[in-house]
Amino acid sequence: MTKDILRYDLMVQDALKGVVRKILAEAGRDGLPGEHHFYITFRTTAPGVRLSQRLREKHPDEMTIVLQHQFWDLNVSDHAFEVGLSFSGVPERLLIPYDAITTFFDPSVQFGLKFETQDAAGETQASEPAAPAKAPRGAASEPSVAPAAPLALPPKPAQKALPASAKKEAAEADVVARPETEEDGGAQVVSLDAFRKKT
């Protein structure tokens, strides 16, 4: 397999972080429209993250903030955003680089983004030395190996042995669904009736 020298996965991640930046910039300028609100999860140990020692002790690895009703001074820059929030009645000011964000979710419209961080990719490579190196992947990137079955779908049931008559019907159905063409491998238009179950 050819190595991705251009690193499309990183380009896609950067583009999606640009989406988060634009959404936050609009919210900072105009406020949150309608029922929109955001859950933002970020790594507290990422370079550039600024939060109080109290919050860092309470959330040593990862933290989720909610931007909905009670936040203030949302300032958005090219590489990070800063926001004021209250935690247990104590006002705090947080600075969060976009590279520290692991998830962004707007539950009002069920829109979410998940980011794989550079550090997480490095940890995966370090903990699995026998496996080939994997680059971080963004949304819509092609997997380098066959993906595992989706979590939302049940596993495919095991095939039961078919009686001889059923095998013959299945073979005939395959012939109907895939008629032979004059040229091997050529495309052919097939009517939908060929796929419909006859009753």
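These notebook entries record what I looked up in a predicted model of a protein chain.

**Entry 1. Overall layout**

I began with the secondary structure, and the protein chain has 4 helices and 7 strands. Followed along the sequence, these elements give the pattern α-β-α-β-β-β-β-β-β-α-α. I then turned to burial: of the 199 residues in the protein chain, 24% are buried. The exposed surface of the protein chain comes to about 14600 Å², and carbon and sulfur atoms supply 56% of that area. I also looked up contacts with a separation of 6 or more, and 50% of them join residues 24 or more positions apart.

**Entry 2. The nonpolar core**

Which residues touch the most other members of the largest nonpolar core? I found that this core has 28 residues, and that Ile40, Ile65, Leu67, Phe81 and Leu94 hold that place. Next I noted where the core draws its residues from: at least two come from each of H1, strand S1 (38–43), strand S2 (62–67), S3, S4, strand S5 (90–97) and S6.

I chose Leu67 for a further look. Setting aside neighbours within four places in sequence, I listed its contacts as Leu24, Leu32, His37, Phe38, Ile40, Val83 and Leu85. Ile40 is thus both a contact of Leu67 and one of the core residues named above.

**Entry 3. Glu82 and its surroundings**

I located Glu82 in strand S4, which covers residues 80–87. Its side chain makes a polar contact with the side chain of Arg50, at 2.7 Å. Not counting residues up to four places away in sequence, Glu82 touches Arg50, Asp73, Leu74, Asn75, Arg93, Leu94 and Leu95. Among these, Leu94 is a residue I had already met in the core.

**Entry 4. Two residues with positive phi**

Most residues other than glycine have a negative phi, so I recorded two residues with a positive value. Asp73, a contact of Glu82, has a phi near 50 degrees. Asp73 is found in strand S3 (residues 71–76). Is Asp73 buried, partly exposed or exposed? I entered Asp73 as partly exposed because its relative accessible area is 48%, which falls short of the over 50% required for exposed.

The second residue is Gln110, with phi near 55 degrees. I placed Gln110 in the loop between strand S6 (101–106) and strand S7 (111–114). Gln110 counts as exposed because its relative accessibility is 60%.

**Entry 5. Arg56 in helix H2**

I found Arg56 in helix H2, residues 53–58. Arg56 has a relative accessible area of 25%, and I therefore entered it as partly exposed. Leaving aside neighbours within four places in sequence, Arg56 is in contact with Thr44, Val49, Arg50 and Leu51. Arg50 also appears in the entry on Glu82, as its polar partner. For Val49, I noted that its backbone oxygen lies 3.3 Å from a polar atom of the Arg56 side chain. I also looked up Thr45, which is 11 residues from Arg56 along the chain; the C-alpha atoms of the two are separated by 8.4 Å.

**Entry 6. A nonpolar patch on the surface**

Which residues make the nonpolar surface patch of about 330 Å²? I identified them as Leu6, Tyr8 and Met11. Met11 is found in helix H1, residues 8–30. Its relative accessible area is 43%, so I recorded Met11 as partly exposed. Helix H1 is also among the elements that supply at least two residues of the core.

Technical notes:
Residues numbered from 1 in each chain as written. Predicted model: local features only at pLDDT ≥ 70, side-chain atom pairs only at ≥ 80, totals over all residues. Heavy atoms only, no water. Patch = residues over 30% accessible without salt bridge, like charges linked within 9 Å, V, L, I, M, F, W, Y side chains within 5 Å. Areas by Shrake-Rupley, 256 points an atom, 1.4 Å probe, with all protein chains shown as cover. Salt bridge = Lys/Arg side-chain N within 4 Å of Asp/Glu carboxyl O. Buried < 20%, exposed > 50% of the residue type's maximum accessible area, 1.4 Å probe, protein only. Polar contact = N/O pair within 3.5 Å; in protein donor to acceptor, adjacent residues only side chain to side chain. Contact = heavy atoms within 4.5 Å. Core = buried A, V, L, I, M, F, W, Y, C linked by side-chain atoms within 4.5 Å.
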